[in-house]
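Work through the exercises below with the model open beside you. Each task is followed by a stepwise solution.

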Amino acid sequence: MTKGRYGIHGGQYLPETLMNAVLELEQAYEKYKNDPTFLEELQALYSDYANRPSMLYYAEKMTKDLGGAKIYLKREDLNHTGSHKINNVLGQVLLAKKMGKKRVIAETGAGQHGVATATVAALMDMECVVYMGKEDTERQALNVFRMELLGAKVVPVETGTKTLKDAVNEAMRVWTSRIDDTFYVLGSVMGPHPYPEMVRDFQRVIGKEVKKQMLAKEGRLPDVVMACVGGGSNAMGLFYDFIEDKEVRLIGVEAAGRGVDTEETAATISRGSLGIFHGMKSYFLQDNYGQIAPVYSISAGLDYPGIGPEHAYLHDSGRAEYVPATDDESVAAFSYLSKTEGIIPAIESAHAVAYAMKLAPTMDKDKIIVINLSGRGDKDVAAIARYMGVDLHE
Amino acid sequence: MSKIAKAFQDNPKAFISFVTAGDPSLAKTKELILALEKAGSAIVEIGIPFSDPVAEGEVIQRANIRALAGGCTTDKIFDMLADLRKTSQVPIVFLTYVNPIFTYGRDKFFAKCQEVGVDGVIVPDVPFEEKGELVDYCRKYGVDLISLIAQTSDQRIQMIAKEAMGYIYLVSSLGVTGVRSNITTDIGAIVKKIREASDKPVAVGFGISTPQQAKEMAALSDGAIVGSAIVKIIEKYGDDCVGPVYEYAKEMTEAVK
């Protein structure tokens, strides 16, 4: 087996034109990942710029209302730029800077990764171009303008399903035409090695903090940690430091869209099969001829036909569980958390909340669930209003 | 001697053409292959359409979309080729992505290639490091796995060339497939490096559209590969594309000689 494997998953399936770019990245990452100066600089950015550590909040009203396990929310929504995406982007753009790159490109679905990349590019004086599916630029118009305010150029991608997977295709195509000065800031634990490992390492801070905060608050580890999964970066960041703690259940919540039994779904583990795409071997939603399926979810950030290779491995080994949540359940959870705790979650994160609402009542009161609230919901307010049939006169 | 080796022996400067299967229809693809053979194309590369062709520019992306929308599948392509083989022995090389092969089933896919007489495969998203995914099946069924070399390959050239099968596909430029007005890469220097490690023929592709470009590229190597320029003609003429493609291919074949 080749490099970057998680069981049978992962690898480096890329056009030859990109191989040296990826090998250069791999070497640079190997060099800096244990470099004390690099890690110090990153730590300073995390705390002073991104507002880390993010709080671990006891959702007392939600806990009482659901009447079961104690629920804690990991408040990644309170990070600068409003989601966990900043953790990874600070790491990658700092690395790009060390490598002498002048320009960063990124794909984005909901726009959170694009906003984070545009933000850090502004901070570090890098040119920034973000590729975003045409449909997503419409679903998330506010984030497009936000990226432009930050000085980035946003390119709407008109090919294929005009969503996240097409944005990745286009970013890869553009990268092949300009590899010398350009760094591709990939937003999730997916793609060719070293991205799944590197992005996970930059997101590990989530799980490390949860562990420390939980020990301080409760004097023990949680029984369940859970997060939404598209490509899977916030979930991987949360899970990683708990993998060896076998008593902690790891639950990833996928976007079921209109239901796992419909064609309008993005639930890769529930409905997908083994394949090789976007640089990695993993599970994908596809047909019998290996054509990648046009996936659907209300959440632009989870609207992706694959899943990161390490998640595929955690699924194979049985260490993590993956469950679906539908659009309806997630929109209900979006409203519920807003009204119950005064916290408007990202529609992506609302998928995790939706499953917690089912799970918590079935657990004893002395059990503890941690939900990763990966992002805030301001960006979704208009889309949720449309979903509920409310006319906002935008 | 394999049909690919013989093609380069018979055509020291080879014109290699590409069409996407099922664009505008599989019946037309068969007619196009016959016309390309008649025009003197030494090898015909056939694209198996894929939903997400990341190495392709806009022209071939659109051809993939048209072919899939028209219901083209891997099985239907094999059927068309089996039919074609009743009248034509032109060397055929598939160009597709790894997922359609992997999901079809690698053993079944390459067995079918052998059965209908597909001589090679080009899989742009399987680099040297991952070729273990396919190479044993290729050997088992006598199908050449064509390697790509790019200007960015640099110190990888020797490693790739040494184990090359069939011919070497030299990618002329950075970026994706598509017509370019200028090719600025020092093709001669790369070909020289390849020759030091391999005696396999080298054909240059990506961006070639004019007879002049084809002539220059073939002069520096063993042949020129032309895809997007042909697909553009197919896009323009639709069902009436066979005549114009034949005329174009004839001119290109003459130019490379």
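## Exercise 1: a sheet and its helices

Helix H8 (residues 164-177) of chain A lies across S5, S6, S7 and S8 of chain A and runs at about 160 degrees to S5(A). This is a predicted model: local features need pLDDT of at least 70, side-chain atom pairs count only at pLDDT 80 or more, and totals for chains, interfaces and linings use all residues. Residues are numbered from 1 along each chain as its sequence is written, chains are lettered from A and ligands numbered from 1 in the order in which they are written, and side-chain values use heavy atoms, with hydrogens and water left out.

**Task.** Find the strand order of the open sheet in chain A, then place helix H5 of chain A on S5 and S6.

**Solution.**

1. Fix the terms. Helices (H or I, at least four residues) and strands (E, at least two) are DSSP runs, numbered from the N terminus. Two strands pair if DSSP finds at least two bridges between them.
2. Read the order. The four strands of chain A run S7-S6-S5-S8, with parallel pairing.
3. Mark the edges. Strands S7 (153-157) and S8 (182-184) of chain A each pair on one side only.
4. Check the twist. Neighbouring strands of this sheet are turned by 25 degrees against each other on average, direction ignored.
5. Inspect one pairing. Strand S5 (residues 103-108) of chain A is joined to S8(A) by three bridges, and the two run parallel. A:Val104 has A:Phe183 as its bridge partner in S8(A).
6. Add the helix. Helix H5 (residues 112-123) of chain A lies across S5 and strand S6 (127-133) of chain A, at about 165 degrees to S5(A). Angles run from 0 to 180 degrees between N-to-C directions, and axes are lines fitted to C-alpha atoms, for helices over the stretch in contact. Contact means heavy atoms within 4.5 Å.

## Exercise 2: strand S4 and its partners

**Task.** Which strands are joined to S4(A) by bridges, and in which direction do they run?

**Solution.**

1. Start with cover. Strand S4 (residues 70-75) of chain A has five of its six residues buried. Buried means under 20% relative accessible area, exposed over 50%, and partly exposed in between (1.4 Å probe, protein chains only).
2. Take one partner. Strand S3 (residues 56-58) of chain A is linked to S4(A) by three bridges and runs antiparallel to S4(A). A:Tyr58 stands opposite A:Tyr72.
3. Take another. Six bridges join S4(A) to strand S14 (residues 368-373) of chain A, in parallel. Here A:Tyr72 is partnered by A:Val370.

## Exercise 3: A:Asn88

**Task.** Is A:Asn88 buried or exposed? What is in contact with A:Asn88 beyond its sequence neighbours?

**Solution.**

1. Locate A:Asn88: helix H4 (residues 85-98) of chain A.
2. Classify. A:Asn88 is buried because its relative accessibility is 0%.
3. List the contacts. Outside four places in sequence, A:Asn88 touches A:His113, A:Leu186, A:Gly187, A:Val199, A:Phe202 and A:Gln203.

## Exercise 4: salt bridges in chain B

**Task.** Trace which parts of chain B are tied together by the salt bridge of B:Glu163 and B:Lys131 and by that of B:Arg195 and B:Asp222.

**Solution.**

1. Recall the principle. Side chains of opposite charge can pair when their charged atoms come close.
2. Set the rule. A salt bridge is a side-chain nitrogen of Lys or Arg within 4 Å of a carboxyl oxygen of Asp or Glu. Over all chains, the count is 49.
3. Take B:Glu163 and B:Lys131. Their closest N and O atoms are 2.9 Å apart. B:Glu163 sits in the loop between H8 and strand S6 (168-171) of chain B, and B:Lys131 in the loop between S4 and H7 of chain B, so the pair ties together parts 32 residues apart in sequence.
4. Compare cover. B:Glu163 is partly exposed at 41% relative accessible area. B:Lys131 is buried at 12%.
5. Take B:Arg195 and B:Asp222. The closest N and O atoms are 2.8 Å apart. B:Arg195 lies in helix H9 (residues 187-197) of chain B and B:Asp222 in the loop between helix H10 (211-220) and strand S8 (223-226) of chain B, so this pair ties together parts 27 residues apart in sequence.
6. Classify again. B:Arg195 is partly exposed at 38%, whereas B:Asp222 is buried at 15%.
7. Finish with the network. B:Asp23, B:Glu58, B:Arg62, B:Arg66 and B:Glu235 are joined into one network by salt bridges that share partners.
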